[in-house]
Amino acid sequence: MRHKNTVFHDLLKLLPWKTFDALVVQHGADDLVRSFTTRHQLIALLYAQFSGAESLRAVETAMESHQARLYHLGGKAPARSTFADANRSRSPLVFTGLLEHMLAQADRKTRREMKDVVRLIDSTGLHLAGVGCEWARFSAGVCGAKAHVIFDPDLGRPVYHSLTAAKLNDITAAKEMPIEAGATYVFDLGYYDYEWWARLDAAGCRIVTRFKTNTPLCEAKNLPLAPGTRVRSDRIGFLPARQAKARKNPMADAVREIVVVTDSGKTVSAVATPLILWVRKDFRM
């Protein structure tokens, strides 16, 4: 009987297997592995995800029933204990490297002019429990991690992620993130750091974030407001020239502060930089 590819087979064709195999060698993921390789593990993980399996036993049972077809996929039905051991002890760096490679590939296919690219930066806490979580000890009784993400709202998916202990400050993780020259970065007060802002500004990036109420806007100049909007004020000025301990502020360019009223009636102050070209050109003190 003539063999016919399954939908799962077609999905696996989309993976960059040469890159995956190179990552396996790079991280030594298959060193001392006798039978259940990292490729087998990835195929089993994907099968579990696509089939909606709720346990390792369910993955084992379902894949065993399709063992003949798995041969054509390069897959293997795992024993539950073997699958559990691989998930617990094998390095995740192969899979994170594959994810980052595929995200970059998708981004190139859908990339527009960089002036239109928006990146949202944020983090979320993750509670950890069980063996192997001591590295993320937060307090006497709590272990926690934190996922730091750069999200593309147009693609509807993250384009970068990292995982740290929960006690690490957001801005510390942000300073390790890649910077895309010319993109617009939007983030909250957890990333209020003038040195990092200056790095983004030097790369030609736009910055949009909340403005702290205790941050003075020096040499401020008011801009005219359009009638019928929720904008309460629109000003251009400079951040303080000095930081704590009289250190010089590296963020020397002018910024724009806009105060708006939300649907709930709350007043929100935001700062943006760099300025629109005509504002930057015509701005004189």
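## Salt bridges to start with

A salt bridge here means a side-chain nitrogen of Lys or Arg within 4 Å of a carboxyl oxygen of Asp or Glu. Arg235 and Glu257 fit that description, with their side chains meeting at 2.8 Å, N to O. This pair ties together distant parts of the chain: Arg235 sits in strand E8 (residues 231–238) and Glu257 in strand E9 (residues 255–261), 22 residues apart. Helices (H or I, at least four residues) and strands (E, at least two) are DSSP runs, numbered from the N terminus.

How covered are the two partners? Residues count as buried under 20% relative accessible area, exposed over 50%, and partly exposed in between (1.4 Å probe, protein chains only). Arg235 is partly exposed because its relative accessible area is 25%. Glu257 has 8% relative accessibility, so this residue counts as buried. Elsewhere, Arg119, Asp152 and Glu180 are joined into one network by salt bridges that share partners.

## What you are looking at

This is a predicted model, where local features need pLDDT of at least 70, side-chain atom pairs count only at pLDDT 80 or more, and totals for chains, interfaces and linings use all residues. Residues are numbered from 1 along each chain as its sequence is written, and side-chain values use heavy atoms, with hydrogens and water left out.

The chain has 285 residues, and 36% of them are buried. Its secondary structure comes to 10 helices and 10 strands. Take the contacts (heavy atoms within 4.5 Å) between residues at least 6 apart in sequence: 51% of these join residues at least 24 apart. About 17,400 Å² of the chain is exposed, and carbon and sulfur atoms supply 56% of that. Accessible areas come from the Shrake-Rupley method with a 1.4 Å probe, and for residues only the protein chains shown count as cover.

## Two nonpolar cores

A nonpolar core is a set of buried Ala, Val, Leu, Ile, Met, Phe, Trp, Tyr and Cys residues joined through side-chain atoms within 4.5 Å. The largest one has 26 residues, and Ile121, Phe187, Trp196 and Trp197 have the most contacts inside it. Strand E4 (157–165), helix H8 (170–174), strand E5 (184–187) and helix H9 (194–202) are the elements that give two or more residues to this core. H9 gives the most, with 5 residues.

Which residues does Ile121 touch, leaving aside its neighbours within four places in sequence? The list runs Val149, Ile150, Met177, Tyr185, Val186, Phe187, Tyr191 and Trp196. There is also a second, separate core of 24 residues, with Leu12, Phe20, Phe36 and Ala77 among them.

## Helix H6 and its two sides

Helix H6 covers residues 80–89, and Phe83, Ala84 and Ala86 are buried in it. Looking down the axis of H6, you find its buried residues within an arc of 160°, so they line one face of the helix. That arc is taken from the directions from the helix axis to the C-beta atoms.

What do the buried residues of H6 pack against? They pack against helix H3 (38–51) and helix H4 (56–64). On the face turned away from the buried side, H6 carries the exposed residues Arg88 and Ser89.

## Helix H3 and its links

Tyr47 lies in helix H3. This residue counts as buried because its relative accessible area is 16%. Setting aside neighbours within four places in sequence, Tyr47 is in contact with Phe8, Ala62, Met63 and His66. Tyr47 and Phe8 are 39 residues apart along the chain, yet their C-alpha atoms are separated by 7.8 Å.

Helix H3 has a charged link too: Arg39 forms a salt bridge with Asp21, with the closest N and O atoms 3.1 Å apart. Arg39 is in helix H3 and Asp21 in helix H2 (residues 17–27), 18 residues apart. Arg39 is partly exposed, at a relative accessible area of 26%, and Asp21 is partly exposed at 34%.

## Around helix H1

Val7, Leu11, Leu14 and Phe50 form a nonpolar patch on the surface, with about 420 Å² of accessible area together. Patches are made of residues with over 30% relative accessible area and no salt bridge: like charges are joined within 9 Å, and nonpolar side chains (Val, Leu, Ile, Met, Phe, Trp, Tyr) within 5 Å. Leu11 lies in helix H1 (residues 7–12) and is partly exposed, with a relative accessible area of 34%.
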